[in-house]
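Thanks, everyone, for making the time this morning. I would like to walk you through one structure, so please have a look at the sequence and the model as they come up.

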Amino acid sequence: VHEAFQTEGLKGEDLTPLWLEQSWTLAVLGRFEQAVDVAQAGLEAAGGRRDRTVGQLLLQLTRAETIQGHFDAAVEHGRQAVDIFESTEDARGLATALRALGDAYTQGGRLDEAVAALRRGLILAERTGAVEDIAACLTNLGWAEFERGSREEAVAQTRLAVEHWETIGHGS
């Protein structure tokens, strides 16, 4: 990705997809502080646009900030991503954004908001057939319900999540 930024043929082109890829790669490597910096630079480069790539950059921020424990920032960026995916009528992106926002709410102790976001994300994921989003929403919903003290509901959601993860052979 670093080399691509320096490629002469890309001068003057929209490089926000490269910012997104670099942020994602850094997050996968566990370098969350750098992932946040890169995603923020990508947002600056996007110049106020509100498209799918910008929504994905905001999702990267949400995930990385949640892991870092910066829950207020994660929630704010998650809400911005939700707004973009709603306005562009991107149901798949919206399901993923609600999944990330729900996790930020849960980790920040905002459990009722987490459950609401995750249930909405689950409905959208089921509508689009996105098995990974379905399973992740169920996993996160199970955790949120556990944190709320709803043990039976937590177990039920987690069991459903396991079934979905197993259908795609995912290690989760």
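I will talk about a pocket, then about one helix that lines it, and then about two individual residues.

Before anything else, please keep in mind that what you see is a predicted model, and that the values I quote are computed from it.

Let me begin with the pocket. The largest one has a volume of about 640 Å³, and of the 25 residues that line it, those closest to its centre are Trp24, Arg63, Thr96, Arg99 and Glu132. If we sort the lining by character, we find 8 nonpolar, 10 polar and 7 charged residues. Four helices, namely α2 (16-28), α4 (52-68), α6 (91-107) and α8 (131-148), each supply at least two residues of that lining.

Which helix gives the largest share of the lining? That is α4, with 8 residues, and for this reason I would like to spend the next part of the talk on α4.

Taking its length to begin with, α4 has 17 residues, which at 1.5 Å a residue should span 24 Å, and the C-alpha atoms at its ends are indeed 24 Å apart, so the expected and the modelled spans agree. At the start of the helix, a side-chain oxygen of Asp51 comes to within 3.3 Å of the backbone nitrogen of Thr53, while after the helix comes Gly69, whose phi is positive, near 90°.

Is α4 largely enclosed or largely open? Since 12 of its 17 residues are buried, it is largely enclosed by the rest of the structure. Among these buried residues are Val54, Gly55, Gln56 and the run Leu57, Leu58 and Leu59, and further along the helix Ala64, Glu65 and Thr66. The cover over the buried residues of α4 includes α2, α3 (32-46), α5 (71-87) and α6.

Thr66, which lies in α4, is a useful example of this. Its relative accessible area is 7%, which is under the 20% cut-off, and therefore it counts as buried. Setting aside neighbours within four places in sequence, Thr66 is in contact with Phe71, Ala74, Asp103, Ala104 and Gln107.

My second example is Gln22, which is found in helix α2. Gln22 has 18% relative accessibility, and because the cut-off for buried is under 20%, this residue also counts as buried. Its C-alpha atom is separated by 9.5 Å from that of Gln34, a residue 12 places away along the chain.

That is where I will stop, and I am glad to take questions.

Key. Residues are numbered from 1 along each chain as its sequence is written. This is a predicted model: local features need pLDDT of at least 70, side-chain atom pairs count only at pLDDT 80 or more; totals for chains, interfaces and linings use all residues. Side-chain values use heavy atoms; hydrogens and water are left out. On a 1 Å grid over the protein atoms alone, a cavity is a set of points where a 1.4 Å probe fits but cannot get out, and a pocket is an open set with protein on both sides within 12 Å along at least five of seven lines; lining residues have an atom within 4 Å of a point. Grid points are joined across faces, edges and corners, and a volume is the space filled by probe spheres set on the points. Ala, Val, Leu, Ile, Met, Phe, Trp, Tyr, Cys and Pro count as nonpolar, Asp, Glu, Lys and Arg as charged, and the others, Gly among them, as polar. The expected span of a helix is 1.5 Å times one less than its number of residues. Buried means under 20% relative accessible area, exposed over 50%, partly exposed in between (1.4 Å probe, protein chains only). Contact means heavy atoms within 4.5 Å. A polar contact is a pair of N or O atoms within 3.5 Å; within protein, one must be able to donate a hydrogen and the other to accept it, and residues adjacent in sequence count only if both atoms are side-chain atoms.
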